[in-house]
Amino acid sequence: MKTISPVELQKILVKNPQAMLLDVRTPVEFAEVHVPQAKNIPLDELNPGALALDKNQPVYLLCRSGQRATKAAEKLAKEKFSQPIVVEGGTLAWMDANLPVARGASKVISLERQVRIVAGSLVFAGFLLGWFVNHYFFILSGFVGAGLVFAGITDFCGMGLLLAKLPWNKRSSEH
């Protein structure tokens with residue numbers, strides 16, 4: 001997978017403001033903070049076949065830290081896009097490099113934090129219910145733990161995909 005540093009990408013965007021930069025985070029995450037030239041298409045809505053883009057031109061991909069952008073690059077590569085390029089470290093690295101961002105008024109909880117909150121709550125609930133109600137509820141904690149291990153090994157998080165579909169993650173953005 002091809003990658004580019006935020007600083008290198010900024011140089012390209014200065015020379016060519018029309019370069020295609022896709023931010024694949026949720027609309028709410030995008031509305032909070034994003035690279036000004038970025039176009040928001042959430043990963044779960046990304047349909048490479050529907051993009052009106054030249055498949056031989058570079059498509060720069062950005063998310064919070066790089067994981068969703070890598071998934072988006074894989075989707076584009078399967079559709080014969082020759083130059084999907086992941087921005088190393090995502091929006092976090094972009095901001096760490098003190099590059100320009102557009103900020104919205106609201107502060108949101110990132111999708112990654114939402115996953116940790118829900119997973120932790122389910123494990124804790126499974127423990128309490130298993131201890132005080134019926135020992136079969138311990139299966140809930142085991143199931144969530146197995147899911148987290150699976151997500152860590154495969155880099156596929158079903159819980160994250162489900163949470164991305166919730167209404168508070170679907171608020172439309174201006175860009």
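Where along the chain is Lys 80 found? Keep that question in mind while we look around; the model on your screen is a predicted one.

**First stop: the whole protein**

Start with everything shown as a cartoon. The secondary structure comes to seven helices and seven strands. If you trace the chain in sequence order, the pattern reads β-α-β-α-β-β-β-α-β-α-β-α-α-α. Turn the model along its principal axes, and the C-alpha atoms fill a box of roughly 65 × 35 × 25 Å. The protein has 175 residues, and 37% of them count as buried. Among contacts with a separation of 6 or more, 71% are between residues 24 or more positions apart.

**Second stop: Lys 80**

Now select Lys 80, and the opening question has its reply: this residue is in the loop between H3 and strand S6 (84-87). Its phi is positive, about 70°, although Lys 80 is not a glycine. Is Lys 80 buried or exposed? Its relative accessibility is 66%, so Lys 80 counts as exposed.

**Third stop: Asp 155**

Next, select Asp 155, in the loop between H6 and H7. Here too you will find a residue that is not a glycine with a positive phi, in this case about 65°. With a relative accessible area of 34%, Asp 155 is partly exposed. Leave Asp 155 selected, as this residue leads to the next stop.

**Fourth stop: the largest pocket**

Which residues lie nearest the centre of the largest pocket? Add Gln 67, Arg 68, Cys 157 and Gly 160 to Asp 155, and you have them on screen. The full lining has 29 residues, and the volume of this pocket is about 700 Å³.

To see where the walls come from, colour four helices: H3 (67-78), H5 (111-132), H6 (138-154) and H7 (158-164). These are the elements that give two or more residues to the lining. The largest share, six residues, comes from H3. If you colour the lining by class instead, you will see 13 nonpolar, eleven charged and five polar residues.

**Fifth stop: an aromatic cluster**

Stay with H5 and H6, and show the side chains of Phe 127, Trp 131 and Phe 138. Ring pairs link these three into a cluster, and the structure holds two aromatic pairs. A pair of aromatic rings is described by the distance of the centres and the angle of the planes. For Phe 127 and Phe 138, the centres are 6.3 Å apart and the planes are at 50°, a tilted pair. Phe 127 sits in helix H5 and Phe 138 in helix H6, eleven residues apart.

How accessible are the two Phe residues? Phe 127 has 39% relative accessibility and therefore counts as partly exposed. Phe 138, at 35%, also counts as partly exposed.

**Last stop: Asp 23**

Finally, select Asp 23 in strand S2 (residues 20-23). This residue counts as buried because its relative accessibility is 0%. Show the side chain of Arg 25 as well: the side chain of Asp 23 makes a polar contact with it, at 2.8 Å.

What surrounds Asp 23 from further along the chain? Leaving out residues up to four places away in sequence, Asp 23 touches Phe 30, His 34, Ala 38, Lys 39, Asn 40, Ile 41, Pro 42, Leu 62, Cys 63 and Thr 91. Select that group together with Asp 23 to see the surroundings of this buried residue.

Technical notes
Residues are numbered from 1 along each chain as its sequence is written. This is a predicted model: local features need pLDDT of at least 70, side-chain atom pairs count only at pLDDT 80 or more; totals for chains, interfaces and linings use all residues. Side-chain values use heavy atoms; hydrogens and water are left out. On a 1 Å grid over the protein atoms alone, a cavity is a set of points where a 1.4 Å probe fits but cannot get out, and a pocket is an open set with protein on both sides within 12 Å along at least five of seven lines; lining residues have an atom within 4 Å of a point. Grid points are joined across faces, edges and corners, and a volume is the space filled by probe spheres set on the points. Ala, Val, Leu, Ile, Met, Phe, Trp, Tyr, Cys and Pro count as nonpolar, Asp, Glu, Lys and Arg as charged, and the others, Gly among them, as polar. Rings of Phe, Tyr and Trp (its six-membered ring) pair if their centres lie within 6.5 Å; planes under 30 degrees apart count as stacked, over 60 as edge-to-face and the rest as tilted. Buried means under 20% relative accessible area, exposed over 50%, partly exposed in between (1.4 Å probe, protein chains only). A polar contact is a pair of N or O atoms within 3.5 Å; within protein, one must be able to donate a hydrogen and the other to accept it, and residues adjacent in sequence count only if both atoms are side-chain atoms. Contact means heavy atoms within 4.5 Å.
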